[in-house]
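Q: Could you take a close look at the aromatic pairs in this structure and walk me through how the rings are arranged?

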Amino acid sequence: MSCLNLSSAFNSWIDDAIGWVLETLTEMGELNNTFFLFQQDHGEEGKGTLFDQGVRMAQFVHYPDGFAPNSKFDGIVSTIDIAPTILDIAGISPPYDMDGTSWAHAIQDPVAEQEWKERCVFLEMDHDRAVKCGCSVLMELGPNGSGTRTKAIREGLTLAAGAYQLYNICTSSDEWIVSPAANPQQDGNALLSTNQELVGHLSEMIDCHVGKTAPYATPDYTTQCAVGSESCFDSTDVFDHRGRSRDCAWLAKRPSRCSVYGE
């Protein structure tokens, strides 16, 4: 059997299996009261890399009793958020701190959605690490065995000579740049020299993440990597995801950002 036929057979099996689940829930009268999440696999274009094409994928949710039809959420979510979200919807409080966060109550809240769009998440592949904070992505690529570096060279993309690569993946109005628009990650070097403060803050976050997840280190089960001052006061120590200086009034309206910008 050819690879194409195997792929088609696998997709048909998924369709049939999900169809049976939906039919059974319908017969039970529980379909609209069931939280159903279907997550896309990574596409082939950037698979195995830290580029957006390799780490960004769609999640589809069917839950009519909880979310309005045709709802759309543009916040930055991660697979680690799935379990906290399901527990939240089920009304279950986890008995321990979880790495992810529930987005259930942010779906139809524009203010909360904007906070989620500015959120920071960590990405990793092989020896490569990255942090994505809103529109900014800082990668730290290893010198050897880097699938991201190999893919970039193969595709003719520009990389900085060192480990760090910085990208802005949004338009001037902070909207995500997606296909068929031009790839915003064609040059990892262009923004480095003019955004050193931002690079410094994001690289601290990567170092924090590596320190917490290193297999040889003493386990650290705390889930936040704070950057900035320990307490909020009006200074240049507090920055948003694009490196713009912010004051306490801005941070006070976004309490969920304290874990990133300082307590």
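A: Happily; here is a walk through the aromatic rings. This is a predicted model, in which local features need pLDDT of at least 70, side-chain atom pairs count only at pLDDT 80 or more, and totals for chains, interfaces and linings use all residues. Residues are numbered from 1 along each chain as its sequence is written, and side-chain values use heavy atoms, leaving out hydrogens and water.

Searching the whole structure turns up six aromatic pairs. Rings of Phe, Tyr and Trp (its six-membered ring) pair if their centres lie within 6.5 Å; planes under 30 degrees apart count as stacked, over 60 as edge-to-face and the rest as tilted. One of the pairs is Phe35 with Trp103, tilted at 50 degrees between the planes and 6.1 Å centre to centre. These partners are 68 residues apart: Phe35 is in the loop between helix H1 (3–28) and strand E1 (36–39), Trp103 in the loop between helix H3 (82–89) and helix H4 (110–117). Helices (H or I, at least four residues) and strands (E, at least two) are DSSP runs, numbered from the N terminus. Both Phe35 and Trp103 are buried, where buried means under 20% relative accessible area, exposed over 50%, and partly exposed in between (1.4 Å probe, protein chains only). Ring pairs also join Phe35 and Trp103 with Tyr63 and Phe67 in a cluster.

Now to Phe73 and Trp116: their planes are at 65 degrees and their ring centres 6.0 Å apart, so this pair is edge-to-face. Phe73 is in the loop between strand E2 (59–62) and H3, while Trp116 is in helix H4, 43 residues apart. Phe73 is buried at 19% relative accessible area, and Trp116 is buried at 11%.
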